[in-house]
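Okay, quick one from me today. I'd like to walk you through where the empty space sits in this model and what is around it.

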Amino acid sequence: MAPVRNGRVLFNEIPTGYPDPSRTTVYDQSQTIDLDNEPLEGGFLVKILVLSIDPYMRGRMRDPSIESYSPAYPTGQPLNNYGVGVVLRSANPSFKPGDHLYGFYPFQEYFVAKDAKGFSVLENKEKLPWSAYVGVLGMPGQTAHHGWKELAHPKKGDVVFVTSGAGPVGATVIQLAKAEGLKVIASAGSEDKVDFIRSIGADVAFNYKMTKALDVLQKNGPINIYWDNVGGETLEAALEAAAVGARFIECGMISTYNGGEPYCVKNLVNIVGKQLRISGFIVDNLHEKWLADFYKEIPPKVASGEFKHKEDISKGLGSAGQAILDVLTGKNKGKKVILVAEE
């Protein structure tokens, strides 16, 4: 077989504010790969099918000297994130051709991985689309599941507030909370998204761009569990409306991801007076305890329709730059996925 294109999405420059699809990333089609003869050297050749676009990727678009929980993207190199690919050839006994692997992939069409660590075979007994495995059944769904199981400590009669409720993390949290029989307040940034979070069970759903969170929480609270994906002024409102002993699960703070002056939360004293439990977490650190339970519990619920999810699929690696911007500005219509290739 003649060599084929191996397109890549390269990190081109560190953005100021929101990433610019025409400058921050570059779609490079200069490389080719011989799928029959590319040296494996004990590794395995994967055709990448789907890649995940997640808000935390913005934090990796920084100067490498700035430390964080995830490494900075090196300029001139492909972006990387969670994805699903199919093995074409293998010199590693862990995997065989035809296996579908979940793992961390560069943003390119084909990839020779040298180390089996970090990749897992997806059985997909439920025959769900592979895109589901980078959303509700991937890192976002795992984040919701692990964080809820580890930190929510729900009690009968609790009131839960979930921000970014239409995203893959927030939507899964809403459904986990409703499965516990709890009252859920949830916010989103458009009327379509509000309709979606209402359709998956939110008892009180509102557009934070049109209605102040504090007004909603004071009317429908106090809240016992706060799932925070945004930080900033909404965190301040949650602190004001929290019940004594409330649990705050700090999952993300997208309001601070794109630069600008961070919002100064003015009522942190409530943490003391209301005896709040504030917990941040990184999903990878909870896999050992909760991942097996996740794969046992969540895929059947998704397959049966008990847990609903919504996807926004962009076709081709060339769409990645715009897809990242859409997620950061809230223009996505569901879990943003890059469809790199059909199987």
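Strand E9 (120-121) and helix H7 (287-304) each put at least two residues into the lining of the second largest pocket. Helices here are DSSP runs of H or I with at least four residues, strands are runs of E with at least two, and both are numbered from the N terminus. That pocket holds about 220 Å³. Its lining is Ser120, Val121, Leu122, Glu123, Asn124, Lys125, Glu126, Tyr133, Tyr295 and Pro299. By class that's five nonpolar, two polar and three charged. For the classes, Ala, Val, Leu, Ile, Met, Phe, Trp, Tyr, Cys and Pro count as nonpolar, Asp, Glu, Lys and Arg as charged, and the others, Gly among them, as polar.

Before I go on, the small print. This is a predicted model, where local features need pLDDT of at least 70 and side-chain atom pairs count only at pLDDT 80 or more, while totals for chains, interfaces and linings use all residues. Residues are numbered from 1 along each chain as its sequence is written, and side-chain values use heavy atoms, with hydrogens and water left out.

You'll want the grid details too. On a 1 Å grid over the protein atoms alone, a cavity is a set of points where a 1.4 Å probe fits but cannot get out; a pocket is an open set with protein on both sides within 12 Å along at least five of seven lines; and lining residues have an atom within 4 Å of a point. Points are joined across faces, edges and corners, and the volume is the space filled by probe spheres set on them.

Now, the cavities. How many of 30 Å³ or more does a search of the whole structure find? Three. The largest has a volume of about 100 Å³. It is lined by 17 residues, and the closest to its centre are Val136, Pro168, His309, Lys310 and Lys335. Helix H2 (residues 168-179) gives the most to that lining, with four residues. The split is six nonpolar, seven polar and four charged.

So where does this cavity lie? Between domain 1 (4-135 + 309-339) and domain 2 (141-284), because both give residues to the lining. Those bounds come from an automatic or database domain assignment. The domain centres, over C-alpha atoms, are 29 Å apart. The contact (heavy atoms within 4.5 Å) takes 17 residues from domain 1 and 10 from domain 2.

The second largest cavity, about 50 Å³, also has lining residues from domain 1 and domain 2, so it lies between them as well. Ala166, Ser190, Asp192, Lys193, Phe196, Lys310, Asn332 and Lys333 line it, which comes out as two nonpolar, two polar and four charged.

Back to H2 for a second. H2 lies across strand E10 (159-162), strand E11 (183-188) and E13, running at about 170 degrees to E11. Axes are lines fitted to C-alpha atoms, for helices over the stretch in contact, with angles from 0 to 180 degrees between N-to-C directions. Those strands belong to an open six-stranded sheet, order E12-E11-E10-E13-E14-E15, with parallel pairing; strands pair if DSSP finds at least two bridges between them.

One last thing to check: the peptide bond from Gly221 to Pro222 is cis, with omega near 5 degrees. Pro222 is in the loop between helix H4 (213-220) and E13.
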